[in-house]
Amino acid sequence: EALMKNLQRLQKRLWLRNLAKSLPSTEPNERIDIAAPPELRNTAAKLTALYHEWRCKRFRSECSAADQAVLRDKLLASQLFKGKKLSYPASVAVPFSGDHVGLYDKLLDKWGKLASRTADTADRPIFIAEVQKVNRSNGQRADRTLAIGKSGVYICEEGLKLKYFLAFEDITQLSCSSQADDTFVIHVNLNKEKKGADKGDHVLASPFLVEVFARICSNYQRVTNKELQVTVSDSFEVHFQSSKAMQMTFDAGEGETPAVDVLKRKKSVVVRVPEYRANNEEGRRERGGSFR
């Protein structure tokens with residue numbers, strides 16, 4: 001019995017020594033595969049978790065402050081959308097670049113003039129991309145540029161001409177469906193005396209929806225010290241130029257619907273989106289929810 005115990009100790013030492021000589025890659029996205037005899041598989045699993053935690057911490061410590069902020073926003077996006085939004089998995093590998101219009105080549109000087117009008121201290125926008133604004137009255141779409149600064153959200157016409165400025169303090173909620181569409185709503189406190197809040201909630205569409213939500217939420221928290229409510233649901237309330245709420249619902253289209261249609265009705269807004277055929281119907285029922 002004593003001999004067997006000594007052999008087992010020797011086996012463990014040799015295994016650890018060989019493992020130390022051939023550690024897996026320090027890159028966080030590389031797979032860790034630690035070979036181990038049956039009696040050491042639990043130990044190997046624990047070492048795998050510890051090693052991956054260490055290499056992620058090492059990677060973060062070597063990142064610049066800007067890169068660390070992007071990683072935090074990526075983590076926030078996961079908390080907001082994982083298991084709730086069908087288009088989220090496809091966005092995981094897409095980096096949050098911030099600039100989706102080539103701002104530094106075309107519009108940086110115009111951003112400086114725009115930011116000075118709202119006393120925004122950002123020397124460049126945190127996020128900027130071309131989006132589509134959905135008309136509140138008829139559901140028609142128009143091209144716009146959406147920019148996020150340190151003090152709020154800018155909705156601009158061509159040439160970065162300011163149309164609406166939404167201060168973070170005036171934003172009350174962000175909402176989108178659980179479907180794979182890119183339509184979303186920025187809810188604001190209705191205020192007839194304040195441009196940007198005088199017509200109610202803003203309905204927009206962007207292929208960068210996940211990044212938009214993460215950027216707005218992180219900067220809203222920085223400014224207000226509160227978490228912004230985010231709703232991922234196929235039915236929620238919106239307000240357009242009236243204190244009376246309208247219901248916005250998202251319906252999966254029949255067959256291969258080529259595009260998203262927004263239909264304005266008397267007391268509701270219906271968004272028809274291309275049908276998504278989920279592999280797991282149970283998982284589909286579990287989508288949606290709120291984050292606060």
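Among contacts in the protein chain between residues at least 6 apart in sequence, what percentage join residues at least 24 apart? The share is 53%. These legends describe a predicted model.

**Figure 1. The protein chain as a whole.** The protein chain of this predicted model has 292 residues, and 41% of them count as buried. Its secondary structure comes to eight helices and 13 strands. The close-ups below take up pockets, a core, a helix, a cavity and two loops.

**Figure 2. The largest pocket holds about 530 Å³ of space.** Its lining is made up of 17 residues. Nearest the centre lie F59, L71, R72, K74 and L75. Three helices each give at least two lining residues: α2 (41-62), α3 (65-81) and α4 (88-91). The largest share is that of α3, with seven residues. Sorted by class, the lining of the largest pocket has 10 nonpolar residues, three polar ones and four charged ones.

**Figure 3. The second largest pocket holds about 320 Å³ of space.** Here 16 residues form the lining. A66, A69, D73, I126 and R215 are the ones that lie nearest the centre of this pocket. Helix α3 supplies at least two of the lining residues, and α7 (209-224) also supplies at least two. Seven residues of this lining are nonpolar, four are polar and five are charged.

**Figure 4. The largest nonpolar core has 34 residues.** Seven residues have the most contacts inside this core: F81, L146, V153, F184, I186, F213 and I216. Helix α7 gives the largest share of the core, eight residues. In soluble globular proteins, nonpolar side chains tend to be buried together.

**Figure 5. A close-up of F184 and the residues it touches.** Leaving aside residues up to four places away in sequence, F184 touches L146, S175, C176 and H202. Its contacts also include V203, L204, A205 and S206. L209, V212 and F213 are touched by F184 as well. F184, L146 and F213 are among the residues with the most contacts inside the largest nonpolar core.

**Figure 6. Helix α7 is mostly covered.** Of the 16 residues of α7, 12 are buried. The buried run starts with L209, V210, E211, V212, F213, A214, R215, I216 and C217. N219, Y220 and T224 are buried too. How far apart are the end C-alpha atoms of α7? They are 22 Å apart, and this agrees with the 22 Å that 16 residues should span at 1.5 Å a residue. One buried residue of α7, R215, is also among the residues nearest the centre of the second largest pocket.

**Figure 7. N225 follows just after α7.** N225 sits in the loop between α7 and β8 (229-232). Its phi is near 60°, a positive value in a residue other than glycine. Is N225 buried or exposed? N225 is exposed, because its relative accessible area is 68%, and exposed means over 50%.

**Figure 8. One cavity of 30 Å³ or more is present in the structure.** The largest cavity has a volume of about 50 Å³. Its lining counts 11 residues, and N135, R136, F240, V262 and V269 lie nearest its centre. Strand β11 (residues 261-264) provides the largest share of that lining, three residues. By class, seven of the lining residues are nonpolar, two are polar and two are charged.

**Figure 9. L107 touches L160.** L107 has its place in the loop between α5 (103-106) and α6 (108-117). L160 lies in another loop, the one between β3 (152-157) and β4 (161-167). The two residues are 53 apart along the chain, and their C-alpha atoms are separated by 7.4 Å. Not counting residues up to four places away in sequence, L107 touches V101, G159 and L160. Why does L107 count as buried? Its relative accessibility is 15%, and buried means under 20%.

**Figure 10. L160 has a positive phi.** Phi of L160 is near 60°, in a residue other than glycine. At 6% relative accessibility, L160 counts as buried. N225 also has a phi near 60°, but N225 is exposed.

Key: Residues numbered from 1 in each chain as written. Predicted model: local features only at pLDDT ≥ 70, side-chain atom pairs only at ≥ 80, totals over all residues. Heavy atoms only, no water. 1 Å grid on protein atoms, 1.4 Å probe; cavity = no way out; pocket = protein on both sides within 12 Å on 5 of 7 lines; lining within 4 Å. Points joined across faces, edges and corners; volume = space filled by probe spheres on them. Helix = DSSP H or I, 4+ residues; strand = E, 2+ residues; numbered from the N terminus. Nonpolar A, V, L, I, M, F, W, Y, C, P; charged D, E, K, R; others polar. Core = buried A, V, L, I, M, F, W, Y, C linked by side-chain atoms within 4.5 Å. Buried < 20%, exposed > 50% of the residue type's maximum accessible area, 1.4 Å probe, protein only. Contact = heavy atoms within 4.5 Å. Expected span 1.5 Å × (residues − 1).
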